[in-house]
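Please walk me through this structure piece by piece. Keep the terms clear as they come up.

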Amino acid sequence: MELLVLFVILILSLAAGLLLQWWPGRHHPMPTYPQRAPFLGGGLPDTHAWSRFHVRYYPMALLLIAFEMEMMFMYPWAVVYVAQGMKAVMEMGMFLAILSVGILYGWREGVFRWQ
Amino acid sequence: MNFPLAVDIAFILLALFAVYTGWRVFRTDSMVRASFFLLLSFIAVGAIMLLLSAMYLGVAMFFMMGVEMMVMALFMVMFMMNPAGLNPMMMVHQHRLAIGAGIASFVIVAAMALLARFPHRPLPADLQAVPSLGNELLGESMLIFESVGVVLLATMIGVVVLSSQRGRYGNAGEGSMPPGLEPGGEPAGMPAKDDEEGGGHHHCH
Amino acid sequence: MILDQLVWPLTWVLAALVLGPYLLAVLDGLVARSLGPTRGPGIWLAPLSRGAWWLIQHTNVTEAPDGRAWRLAPALYLALAAGGLALVPWSRTWVATDIATSLVLWGSIEALATVVIFLQGWSANTHLTLVGAYRYVALGLSYILISMFVLIGVALPAESLALTQVITSQQELWNVLRQPLGLPLFLIVGLAITFRGPFNLADSTDLAGGTSADVSGAQRLVWEFARSAMLVAFSGIATTAFLGGWLGPWLPGPLWVAFKMLAVLALLAWLGPAFARITPERCVSLMWVVLLPLAFVDLIWAGVEALL
Amino acid sequence: MAVSWLARLAARAPVPVFPALGMRGEEALYRLALSPDIKRVDSPRHASLLLVAGGVPPSMQQALRRVHDQLPAPFTTLWYRSAPLVELPQAAVTTVDSLDALPGALVESHGRLLRNTVGRSPRLLPDAPPHPWQGLGDDGHGGEGMMGGVPYGRPMAMPPTADLRDGLALDILTFRLGPFFPLWPPGFEAEVTLQGDIIQQFSVRSSPFPRALAPVFHEARERPVAIAVLERARARHHLQALFHALHLAGLEDLARHALRLADTCPSGDIVLLAKWFTAFERRLRRRGFFVLHLPKCGALRKKQAESQGGFAARAAGIERDVRAEDDGYRRLAFSMMTQQAGDTRARWRQRLAEIAQSFDLAARAQRDDMHTAQTDAVETPRGAWHDTRPKDTSHLLEDLLPGLEWGEALATLASLELAALSPWPREEPAETPEEGAA
């Protein structure tokens, strides 16, 4: 039942978002080509904007994937943390220490700067 | 979940949606669309997991795939030709082999699902999935869990070593200039030096 | 039963979805008034008149957009915000979606929000929106870890990933006092997920509006509305995780939740415009090198506190 | 009926105006920024009014037409001290020549636009894609193969030879930005090549319009003028520049505050002004203008700083200021301030310090009614004006900006003053004509 409620809420708000965009403009004509050109303060582009975009933070993105994978283990750990007591502390302490090494290393190598 | 029929219908719809979006991944021309169709497919699978009462795994699926497909889209756009599909193109290669392999693996997996005898062990009604997962991590699987930590550390270091151009001593290219074409001349195959040093704009980081 | 379990939760979640952004716009107006003279139709009418103008303005189209994704992105952002609002418990029984892992589900909403914001900037196929989109992803991929750490911190004493349990674990002392680093870090996440103030990397002024630079009319209305709704949902989660949710003397629980949410919204509406926009590179460094270790400290603090 | 109700509601919102600045249009911008009825926007997509302020040279009229056509319907135009484009119908044009009437005229145009359908501006350019593409190529997309052709009217981006930063040769985006890009100096147009969000190449296509100074700077070349008036004008100039930088940083309220301070500069009580400015500067620091926003890049090399002159040179550690040679200033114990780094952050530190110094000098000069001694040179906010006026130096950007991230590049641009000085002084508002006419 909870999931059904969530599902209905998602669908309703999605539909409302789409309807609100479609309804006011349903009779509007298609804008002219000059209007559709990208806004560049009166200038024009040579090419489409879509391109092999050079993402300057790609090492950070890769680092995040590895890190996030580990983090997903932490949710179940958090639930049993109080019950398990010291054992949980030790284990996670070790786990986090390993991770921190990774981040420290990344930081020292300048991963968080624009490449 | 006291509507078995509704759950069945939802399951079928979600499964169809997952297969449809999975198929669209290969039919679209845009790398971004392909990544996010795959994300939709995974979300449908995650929702099926929720229906199967795997509350943590389903939600974790949304979470992981949200981040991962985002990163995948970044890299797909970076390295693929025609990343937005402005020109029509074919996303698949080796059609016959691909179709054959697809059908074969589908048949095998479907056969396994239909023909295998799954153990019939009804779960206790008061089983709480998430704490039991946590206890597992701190119990028998602890070694696996810790070694995963080390493996991921190795991954992180590998990522940094392979992808980061700039080391802690500055640009990785520095100090490894190829020899000049003539004695004392410009290093071979390197861009002219002044756009490296011009204006001091590299000292800002 | 249908009425009880389906219609009633739907009503209040959707009511919060409509009222919340409106109140946030009013709060924004109040903050703007305190910072300088504003005229116009008055604090209460201003958001409505702005919305009316967006409805009248024609929606823009670009040369070769990914049309469907472009129109879907604001609607999806709104849906994510609505999903977040559905997770907020208003009292012990007033919970639209009370699942065992609602805390993680909120985390996945944060992750998916990054995808949707990227999609909005990418789909237009124009230069300034594209830069805005990629810039936001740098932020989106950075703040998610901080949010995870902070929320795991509140799950420790609750021994559960359900938001209702998180509230009941705060009977004696709210998490805002028990884990003093948690709420400030989480507020930063809130500014980041709705790209407000110092973290406005997506719709920033240096890109003439960033992902919104080529968006007009009703699409812009939905986008800004969704952005506000997301902050409302965020304030609901912050209330739940740190301010004890429905707990409070004298008044009924839902009223307490509403008051606390408004307080969080007011704080964020005031914090947002208070700081200069951070440069993307510095933002990533700040998140990973300063705030993430702070989130570590918060988690350790929460752990020690939970065992004592 | 419903629509008119909606329109009436919409007409009460602050008027979203996109300003396209021509020559000497800045004053209109400053007036708009302080008017509570107006919401200045940076993209024409967010506007219902196109305000053209100042003269637009014929070479830029095509660009103006493009910007005009980029406003989504319904919209109308307003021309402040500018000749409207001839092809616009009379109903879609409002002309205003008085600064004081400007906000009111904008509000009125907006209301008229929403109330009735006449007066909506038509499209000026022909409705055709930039290149013919439909029906071309294998699939009628205008493309050939994976990357060729002009799909949807434009070619696809292609990789350059090498990347400036990390050697990864991904696609570059080349486009011409300006002359009506609101975050650039008016009239400035450049061809920008981006790779990712890093600027790879930058070439100036048209220099910014010459900047007009307060009349007192021109007078100072002819006869001794009151130092107090000169320094007030200098502080005002820098504060108006600060407005742009703060808008760029997203600190809207502080940007308006800077403008209000600038407006008080010519006639306000100088002791109070200095006090307000100190408080303002403290707020700037506290709210992260330096730490969060300003990049530590865009440093000028020695030679560039020398050619640039003025505060930019002093921020780079070059001790050069005409005021130090003036007997009037010497008697005020004028001491030159410099910064060492010469980058964007140092330039703003320098400028803020110079504003404070100007207030200080003006206060003391006012008390003793001091005048400048020399007339053959004057230190303008833009640099020393000896025999020739400071010239346009926007070509410096071609060397300065490559390698910078987009936001850093714009912050660097906003910290510099590159436009030439106009040979004619700025027309002053009515408060201070007696110094000008004397």
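A residue is buried if 20 or more other C-beta atoms lie within 10 Å of its own, exposed if 12 or fewer do, and partly exposed in between, with C-beta atoms placed from the backbone. D:Thr344 meets this test: it is buried, with 30 other C-beta atoms within 10 Å.

The model is predicted; local features need pLDDT of at least 70, side-chain atom pairs count only at pLDDT 80 or more, and totals for chains, interfaces and linings use all residues. Residues are numbered from 1 along each chain as its sequence is written, while chains are lettered from A and ligands numbered from 1 in the order in which they are written.

**Around D:Thr344**

Helices (H or I, at least four residues) and strands (E, at least two) are DSSP runs, numbered from the N terminus. D:Thr344 lies in helix H13 of chain D, residues 344–368. Two residues are in contact if their C-beta atoms, placed from the backbone, lie within 7 Å. Setting aside neighbours within four places in sequence, D:Thr344 has contacts that include D:Leu294, D:Pro295, D:Ala411 and D:Ser415. D:Ser415 is 71 residues away along the chain, yet its C-alpha atom is separated from that of D:Thr344 by 6.0 Å.

**Strands of chain D**

Two strands pair if DSSP finds at least two bridges between them. Strand E3 (residues 49–53) and strand E4 (residues 76–80) of chain D run parallel, joined by five bridges. In this pair, D:Leu51 stands opposite D:Leu78. How many of the five residues of E4(D) are buried? Five of the five are, so the strand is largely enclosed by the rest of the structure. Both of its faces are covered: D:Thr76, D:Leu78 and D:Tyr80 are buried on one side, D:Thr77 and D:Trp79 on the other.

Chain D also has an open sheet of three strands, in the order E6-E7-E8, with antiparallel pairing. Strands E6 (173–177) and E8 (198–206) stand at the edges with a single partner each, so one side of each is left without a neighbour in the sheet. The twist averages 20° from one strand to the next; for such angles, axes are lines fitted to C-alpha atoms (for helices, over the stretch in contact), and angles run from 0 to 180 degrees between N-to-C directions. Strand E7 (residues 189–195) is joined to E8(D) by seven bridges. D:Glu191 faces its opposite residue, D:Ser203, in E8(D).

**Where chain A touches its partners**

Chain A contacts chain B through 42 residues of its own and 40 residues of chain B. H3(A) gives the most to this side of chain A, with 19 residues. Nonpolar means Ala, Val, Leu, Ile, Met, Phe, Trp, Tyr, Cys and Pro; charged means Asp, Glu, Lys and Arg; the others, Gly among them, are polar. By these classes, the side touching chain B has 27 nonpolar, seven polar and eight charged residues.

With chain C, 52 residues of chain A are in contact with 64 residues. Here H1(A) gives the most to the side of chain A, with 14 residues. That side divides into 42 nonpolar, seven polar and three charged residues.

**Helices H3(B) and H8(C)**

The expected span of a helix is 1.5 Å times one less than its number of residues. Helix H3 of chain B (residues 55–79) has 25 residues and reaches 36 Å, close to the 36 Å expected. Of these residues, 19 are buried, so H3(B) is largely enclosed by the rest of the structure.

Helix H8 of chain C (residues 182–193) has 12 residues and should span 16 Å; its end C-alpha atoms are 17 Å apart, which agrees. Is H8(C) largely enclosed or not, and why? 10 of its 12 residues are buried, so the rest of the structure largely encloses it. Its buried residues pack against several helices of chain C, including H4 (102–123) and H5 (127–158). C:Phe195 follows H8(C) and has a positive phi, near 35°.

**Recorded transmembrane regions**

UniProt, in unreviewed entries, places the feature "transmembrane region" at residues 57–82 and 89–107 of chain A, and at eight spans of chain C, including 253–271 and 283–304. UniProt positions follow the numbering used here, feature names are shortened, and annotations may be inferred rather than shown by experiment.

| Span | Helix | Strand | End C-alpha distance |
|---|---|---|---|
| Chain A, 57–82 | 96% helix | 0% strand | 38 Å |
| Chain A, 89–107 | 100% helix | 0% strand | 26 Å |
| Chain C, 253–271 | 100% helix | 0% strand | 27 Å |
| Chain C, 283–304 | 100% helix | 0% strand | 30 Å |
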